Amino acid sequence: VSSNIGRDKSTIVEYDLAARKEVKEIYGNPEYDVDGLGYSEKRKVLTMAYYTSWKRENHYLDKETEAEYKKMQEKFKGYEIGIYGNNIAEDKFVVWTGNDKVAAKYYFYDKKTGETKFLADAFPWLKEEHMATMKPVQYKSRDGVTIHGYLTLAKGTEAKNLPVVINPHGGPWARDDWGFNNEAQLFANRGYAVLQMNFRGSTGYGKEFWLKSQKQWGKTMQDDITDGVQWLIKEGIADAKRVAIYGGSYGGYATLAGVTYTPDLYACSVDYVGVSNMFTFMKTIPPYWEPYKAMFYEMVGDPVKDSALLAEVS
């Protein structure tokens, strides 16, 4: 099972269902939540645990799996890889390859012969050499919290005095990660730098970082975004007069909050399906989300008990 009970980071542990207790830790990372676990149906062994730092990382629990991945990494240098789609015999696989400039290329892989054969390119009309580089960055918020993010720069441009699109992610209990991002590439192709940041409340960085977002919509969560803009300006990357903010869902809320609370920071904004009124937002939570309503009340605010707060951040 995956558990963060009694610890900050989600960790893979062996658990005794009958005794209702943890037996031992299989793998935990000191800095990041573990995202998942691989398992061989044929050999009945755990193969790997994986987590996301600035990109996906594998921690191998099985020598055979590690050897296969190393073989493919050698073959597809410069690309991230994923080996999956295994059959019952576990001798034929599909290999995914990609990076920040390539969304997905797929290969057939025969484990017995070592043969790999090209199957498909998800976007053959997009040329890798035309795509922009996505670079991991980090900065400090005004209250000393480290915020991780990604900066995509237009190909061939110097990181100096650029027009910028600030693009906070939706969720908000989700995260941006490194890889091909079609919107960031579109903006970069038009000459914009793009900053995506994992503000407090973003997932993958542990329980404490996630809980820092409790009842902080429009407050410290927004400060993390604002501080990212100020960091870009201070570094000389952003032209302070040409900063836009764009986002969807919670990112849309952050967009509206950005131009409401810090109107002088942004030249323009685009809100895509963003929340604006916290009370109508709570009222329109659909029936199939009912189990999450208590969580929303605790994490965002209770419409009755926290009505002053929700009015303030609407």
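Two strands are taken as paired if DSSP finds at least two bridges between them. In the predicted model described here, strand β7 (residues 80-84) meets this criterion with β8, the two being joined in the antiparallel sense over five bridges. Within this pairing, I83 has V95 as its bridge partner in β8.

The chain as a whole contains eight helices and 16 strands. Its 314 residues include 45% that count as buried, and its C-alpha atoms fill a box of roughly 60 × 60 × 35 Å along the principal axes. Among contacts with a separation of 6 or more, 51% are accounted for by residues 24 or more positions apart. The accessible surface amounts to about 16500 Å², with 53% belonging to carbon and sulfur atoms. Charged side chains number 40 positive and 42 negative, and the centres of these two sets lie 2 Å apart.

The pairing of β8 extends to a second partner. Strand β9 (residues 105-110) runs antiparallel to β8 and is joined to it by six bridges. These two strands form a hairpin, with six residues between them. V95, the bridge partner of I83, also stands opposite Y107 in β9. F93 is found in strand β8, which spans residues 92-98. With a relative accessible area of 12%, F93 falls under the 20% limit and therefore counts as buried. Leaving out residues up to four places away in sequence, F93 touches I83, Y84, G85 and N86, as well as Y107, F108, Y109 and K111. Of these contacts, I83 and Y84 lie within the residue range of β7, whereas Y107, F108 and Y109 lie within that of β9. The C-alpha atoms of F93 and N161 are separated by 47 Å, the two residues being 68 apart along the chain.

An open sheet is formed by three strands in the order β1-β2-β3, with antiparallel pairing. Its edge strands, each pairing on one side only, are β1 (2-3) and β3 (21-27). β1 and strand β2 (residues 11-16) are paired in the antiparallel sense over two bridges, and the bridge partner of S3 in β2 is T11.

Electrostatic pairing was examined next. Side chains of opposite charge can pair when their charged atoms come close. The count of salt bridges in the model comes to 23. One of them joins R43 to D62, with the closest N and O atoms 2.8 Å apart. This pair links distant parts of the chain: R43 is in the loop between β4 (34-40) and β5 (45-52), while D62 is in the loop between β6 (56-60) and α1 (63-75), 19 residues apart. The two partners differ in their exposure class because R43, at a relative accessible area of 28%, is partly exposed, whereas D62, at 12%, is buried. R43 and D62 also belong to a network of salt bridges that includes E64 and K111. K111 is in addition one of the residues touched by F93.

A second salt bridge is formed by D224 and R200, whose side chains meet at 2.7 Å, N to O. Here too the pair links distant parts of the chain, with D224 in helix α4 (residues 220-234) and R200 in the loop between β14 (193-198) and α3 (207-211), 24 residues apart. Both D224 and R200 are buried. A further salt bridge connects K77 with E74, the closest N and O atoms being 3.0 Å apart. K77 has a relative accessibility of 56%, which is over the 50% limit, and so counts as exposed.

Towards the end of the chain, D302 is placed in the loop between α7 (290-299) and α8 (307-313). Its relative accessible area of 14% is under 20%, and D302 is therefore classed as buried. Apart from neighbours within four places in sequence, D302 is in contact with Y297, S307 and L310. Y297 lies within the residue range of α7, and S307 and L310 lie within that of α8. D302 and E115 are 187 residues apart in sequence, and their C-alpha atoms are 58 Å apart in space.

Terms used. Residues are numbered from 1 along each chain as its sequence is written. This is a predicted model: local features need pLDDT of at least 70, side-chain atom pairs count only at pLDDT 80 or more; totals for chains, interfaces and linings use all residues. Side-chain values use heavy atoms; hydrogens and water are left out. Helices (H or I, at least four residues) and strands (E, at least two) are DSSP runs, numbered from the N terminus. Buried means under 20% relative accessible area, exposed over 50%, partly exposed in between (1.4 Å probe, protein chains only). Contact means heavy atoms within 4.5 Å. Accessible areas come from the Shrake-Rupley method with a 1.4 Å probe; for residues, only the protein chains shown count as cover. Lys and Arg count as positive and Asp and Glu as negative; His and the chain ends are not counted. The place of a charge is taken as NZ of Lys, CZ of Arg, CG of Asp or CD of Glu. A salt bridge is a side-chain nitrogen of Lys or Arg within 4 Å of a carboxyl oxygen of Asp or Glu.
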